[in-house]
Amino acid sequence: MSEHQYYEFQALDRPLSHEEQNQLRTVSTRARITATSFTNTYNWGDLRGDPRRMVERYFDAHLYVANWGTHRLILRLPQQTLALPTVRPYCLDHHVDAWTTPTHLLLDLTSEDEEGEEDEGADDSLAALIGVRDELATGDLRPLYLAWLSALTAQGFEDDDEEEFQTAFEPPVPAGLNALTAPQRALADFLRVDADLLTVAAKASPATPKEPTGPSKKELSRLIAALPQEEKDALLLRLAIGPAPRLRLDLLHRLGGSTAHAPVTGQQSAAQLLEAAHALRTERGRHAERQRAAARAEYLTDLARETESIWRQVETHIATKKTSAYDKAVALLAELRDAYHHTGQGTDFGQRLTLLRETYQRRPGLILRLDRHGLR
């Protein structure tokens with residue numbers, strides 16, 4: 001399997017200076033570098049820089065995809081928008097990590113697929129995922145919980161310590177896990193969150209309130225009026241100079257606004273979640289098997305009404321003396337056998353099959369195929 005690695009970095013809060021772009025050029029001579037991005041694909045070799053350090057210094061988001069199954073997303077947020085103590089309960093092993101610089105909090109989310117299946121079109125995933133950064137900045141913790149679920153699944157495959165799973169409890173459960181946003185659905189896919197595990201976890205998740213939880217228009221007017229004049233002037237100056245992609249979020253945080261519902265304390269252990277997901281998966285499999293069995297029974301009942309027509313088709317195929325026609329005849333006979341047994345007429349089928357074998361006993365190609373399919 002040929003090697004394929006894709007690196008993408010995005011600067012969102014401010015553009016990169018010419019000096020910074022030149023510094024990044026020393027990391028890769030082939031990368032596409034702009035004032036807001038760094039992208040490169042490697043079919044041999046690797047990136048010379050450390051993605052974590054690059055995000056700390058230059059960027060706000062990083063996506064990494066490798067065709068041996070690694071998916072990685074690193075996000076950088078201003079510390080005033082998301083605090084490390086809020087994030088820590090969702091950190092799990094090396095799959096969900098967080099740390100701070102003097103000005104920012106960084107999240108490192110990783111998913112590994114041991115099957116090593118390459119995802120077609122994954123190179124374009126950062127555009128679909130980037131929205132979770134703003135959601136986290138406004139207090140929506142669903143992306144963190146999704147990352148924790150992904151890590152829990154991975155840990156379940158890597159570690160068989162049942163006692164540890166029994167004593168480890170889920171982190172705070174955010175509202176709205178059963179109504180994910182488009183970026184959150186993309187994140188769940190990217191991190192390979194188990195759908196059954198998410199369904200089980202969502203049962204304890206409060207519903208998202210229909211009305212915004214942040215200040216009303218009237219309250220915002222009062223809060224803005226109370227801002228010092230110098231601060232208002234500084235905000236307007238940022239808007240006039242532009243671009244100011246974070247201006248709205250910064251203002252809302254300054255005013256104490258939030259768009260997220262407070263999470264509830266997690267009540268389930270990791271083992272309970274994994275066991276409930278397994279039970280859900282097992283029951284779904286049983287239900288699907290029952291549906292297949294019912295469909296098969298209905299098909300065989302209908303087929304039993306057309307037995308004479310099917311026997312004529314078998315004779316027609318055999319008469320051609322072609323091997324491909326023999327295969328078709330044997331396939332029809334196998335279905336006939338099941339239909340006869342389904343309707344309690346197995347003896348009748350056996351008698352007719354014996355007659356057919358005697359009639360065509362000088363057709364070794366046909367007899368061999370009948371034997372292989374247990375049609376004796």
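1. In this predicted model, strands E6 and E7 form a hairpin, with 3 residues between them. Strand E6 covers residues 96-100 and strand E7 covers residues 104-112; the two run antiparallel and are joined by 5 bridges. Within this pairing, Asp97 stands opposite Asp108 of E7.

2. The loop between E6 and E7 contains Thr101. Is Thr101 buried or exposed? Its relative accessibility is 15%, and because buried means under 20%, Thr101 counts as buried. Leaving aside residues up to four places away in sequence, Thr101 touches Glu56, Gln79 and Leu106.

3. A second feature for the reader's attention is a pair of helices, H15 (residues 323-342) and H16 (residues 346-359). Their axes come within 7 Å and cross at roughly 150°. An angle over 145 degrees counts as roughly antiparallel, and H15 and H16 are therefore roughly antiparallel to each other.

4. Which residues make the contact between H15 and H16? On the H15 side they are Leu333, Leu336, Arg337, Tyr340 and His341. H16 contributes Gly346, Asp348, Phe349 and Arg352. Sorted by class, the contact of H15 with H16 has 4 nonpolar, 2 polar and 3 charged residues.

5. In summary, two antiparallel elements have been described: the hairpin of E6 and E7, whose strands run antiparallel, and the helices H15 and H16, which are roughly antiparallel to each other. The loop of the hairpin holds Thr101, a residue that counts as buried.

Key: Residues are numbered from 1 along each chain as its sequence is written. This is a predicted model: local features need pLDDT of at least 70, side-chain atom pairs count only at pLDDT 80 or more; totals for chains, interfaces and linings use all residues. Side-chain values use heavy atoms; hydrogens and water are left out. Two strands pair if DSSP finds at least two bridges between them. Helices (H or I, at least four residues) and strands (E, at least two) are DSSP runs, numbered from the N terminus. Axes are lines fitted to C-alpha atoms, for helices over the stretch in contact, and angles run from 0 to 180 degrees between N-to-C directions. Angles under 35 degrees count as roughly parallel, over 145 as roughly antiparallel, 65 to 115 as roughly perpendicular and the rest as oblique. Contact means heavy atoms within 4.5 Å. Ala, Val, Leu, Ile, Met, Phe, Trp, Tyr, Cys and Pro count as nonpolar, Asp, Glu, Lys and Arg as charged, and the others, Gly among them, as polar. Buried means under 20% relative accessible area, exposed over 50%, partly exposed in between (1.4 Å probe, protein chains only).
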